[in-house]
Amino acid sequence: MKRGLSAACLVLLLLTGCWSYRDINDLALVLAVGIDRLENQRILVTLQIARPGVASGGEGGTGTQGGGAPVYIAAAEGRSVFEAIRNISLFSSRRIMWAHNKIIVIGLAQAEHGVEEIVDFFTRNPELRFRTLIALAEGDAKDVVSAETGMESQPAASIDKAFRYADLVAEAHKVDVKEFVKGHLDDTSPAVLPVLHLHEQRVIGMASKQPDPQAQEVVIQGMAVFRHGKLAGMLDQQQSRGVNLVHGKAGRVIITLPCGDAVDKVSLELVNQKVRIEPAVTSAAQPYFRIGLMVEAAVSSVGCYLDYKQRLVKQQIEGELEASLTADIEAALHWAKANESDPMGLGQHLRAKRSAAWEQFIEHWPKQMSQLRFDLQVQAHLVGGELSINPTATEREKRHGR
Amino acid sequence: MAAKPRTQVDILSWYGLIIAATFPKTIGVSQGIIARQTGRGIWLATILAILLSAILLALVTACMTRLRTNLGTALQRLGGPWLARPMLLVEALFFGLTFLAGNYVFIGHLQYYFLPETPLLFFVAAYGSLALLASIYGFETIARFGIIAAFGSFCITAIMIPGVVWDLDALELFPVAELGWDRFALASGTVLADLVVPIGMAVSIIPMINKQTGLIRHSLLAAALSGLLIIVWPLAEIMLLGPALTAKQAVSCMTLARSAALGVYVHRYELIMVAFFLPAVFLMGALPLFSAAKALSRGLGLKEAKGLFLPILLALSAFSYWTHSDRLRANWFFGDIWPPLILVTAAVLLVAALAAAALRRP
């Protein structure tokens, strides 16, 4: 009996691939999905699907699928997201597979209408991952999903990789499904999404190929803030940078300041940052936050003679950097007050650190932001100039200063 | 002096059994359930349950080392078969419930997340077959497998941590009783239900351990090790997913595992994690099936337990199939019915062990 049962268990283990198997040649691997709401209230789902044979064969393709574009764009309408996706099966020769989806793009009209169904669909599906990126399109999601953008053969891979380096400008940060859904379900801090814009192509072209004047590049710029599942407002570049600084998600952001005359600039890169947020409640029962930001920056490029080794010069640069960062954060805080929204998640600090006081705000939290009081302290330290010890200057500049 | 039992297990296996029997259900399925009950306080509710379960395990270990035999035999000596048999039936029920929990964890992980189109019957049959095979091989084999299962539990935890640690947000941890202390206590009780499994094990296994010296210390240390492995998970779940998303998930540890990524290039390694996880899940099937058959055979006055393996397995598998054929029903059973049932049976066993130890004839 032991042998028989052992053999049966072994067979069970060896046959695990026989059930629910899907041949890779029968799969349509979705790389990006766009969701738009049409005027007739139907939902348009646009999929960017990989053509692995073409993608692996490089330009022109040497794979089994012949030449052509490395991705296939498919779209279908439906009364719900799921119905629209299922309607793609009416003409797709392959079964849609979500496991490799890199990004979900929500169209502006859909975001204004509400994202409840999208959140629900993408958190129920076992194929989808919470690490999939999610973003808002400035216009229609289908335009973003179908745009030929970036240096990778698959446009979705280009957008995915662009997000990897988006912290260099800090005008938007990477948001995955997990973070978005967390914000959507949590009353304390709203869901935010980076915004994707279509700009005229910034890549001039390749040596062997003429640039397409019609082609557009997907650019990450600004953030969108949601409230109760609907788009509540957009943050511009400065406000987004302020939000990211308070969140500690600004990364190695570049800050450009004037130096010498107004034309020349000095560029600083933040190499380290620490945020400290201390919540309190005023005697008038208003939320009050002490926000402290400490940054370390390195000089990346200087367009004028600037001997930043001198204490006074160093202090001047640090002062200008502090003023620039303060302006960014204040812009974000003022936006939050004006829009009664909390994209910086200040309420989370109040809830976690002053839970007794939080009780009085819990029901009306985003609205309380209009009463927001804050004390912002930014401290900047210049810690070096990359590989150069001395400023780049000619002998004449050194003799005569500026 | 009590005669030495024929079956002997070493102390390392006892450690392995305690860790493997408590780890699988506590880290995921139960965390989702208690997140629905208490919100972001799941980590503290789990810590309290771990501490309480360690004390209870030490208590029952002390009783069993004093009795020097299993609970059934001790009660038989104390009050005859009419005292021993009902208690053995309770013990069988306890292990039956543990088997069902193991099956739930198995189905919840493999069917829900990896093979949603595979028929439920396959999972029930596969789980039952492996439990049956292990039971036929005997308790010593199961106990040794416990060491592998505990090692797997350690490995899955060790590879999960670096995959999520950079995304954790400590602000999610507080306040701990946002939905009220009554719901917090309920949540702690729900986790305790998973952690009392070693109590049932202790009443039948402790006399089989080959070295009886320092067993209380060993039981406490095993409970502490198990607790350390377990507590990492609710902390990570709440700091990564937040309370609402943890509560929304069928199996929150799978969502955590699927969210783990080592840098940019190493991600989607949940299948490796599940491979490390499954030995403990199988142990939650094998050990209870064997122990339930043993307890039931003695409760019914039968000489051999082997003949009961298949009938018990069929009964439990049929119940499991019925429960899981509707996921809402499974969620209701394991969220609302299973915890009080196992807690009551564990309490009965604990009280019986205490009474037997107190009334032991010299």
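**Surroundings of H197(A), chain A overall, and the cysteines of chain B**

Apart from its neighbours within four places in sequence, H197(A) makes contact with E138(A), E217(A), V218(A), V219(A) and Q221(A). These contacts, like everything described here, come from a predicted model. The histidine belongs to strand β7, which spans residues 192–200 of chain A. With a relative accessible area of 13%, H197(A) is buried. Of its contact partners, Q221(A) deserves a second look: a polar atom of the H197(A) side chain lies 2.8 Å from the backbone oxygen of Q221(A).

Stepping back to the chain that holds this histidine, chain A contains 14 helices and 13 strands. It has 402 residues, 47% of which count as buried. Among contacts in chain A with a separation of 6 or more, 70% are between residues 24 or more positions apart. The accessible surface of the chain amounts to about 19,700 Å², and carbon and sulfur atoms contribute 50% of that area.

Turning to the cysteines, zero disulfides are present over all chains. In chain B, the cysteine sulfur closest to that of C155(B) is in C253(B), at 16 Å, so the two are too far apart for a bond; a disulfide would require the sulfur atoms to be within 2.5 Å. Seen from the other side, C253(B) likewise has C155(B) as the residue with the closest cysteine sulfur. Both residues are also shielded from solvent by the accessibility criterion: C155(B) is buried at a relative accessible area of 11%, and C253(B) is buried at 4%.

Notes: Residues are numbered from 1 along each chain as its sequence is written. Chains are lettered from A and ligands numbered from 1 in the order in which they are written. This is a predicted model: local features need pLDDT of at least 70, side-chain atom pairs count only at pLDDT 80 or more; totals for chains, interfaces and linings use all residues. Side-chain values use heavy atoms; hydrogens and water are left out. Buried means under 20% relative accessible area, exposed over 50%, partly exposed in between (1.4 Å probe, protein chains only). Helices (H or I, at least four residues) and strands (E, at least two) are DSSP runs, numbered from the N terminus. Contact means heavy atoms within 4.5 Å. Accessible areas come from the Shrake-Rupley method with a 1.4 Å probe; for residues, only the protein chains shown count as cover. A polar contact is a pair of N or O atoms within 3.5 Å; within protein, one must be able to donate a hydrogen and the other to accept it, and residues adjacent in sequence count only if both atoms are side-chain atoms.
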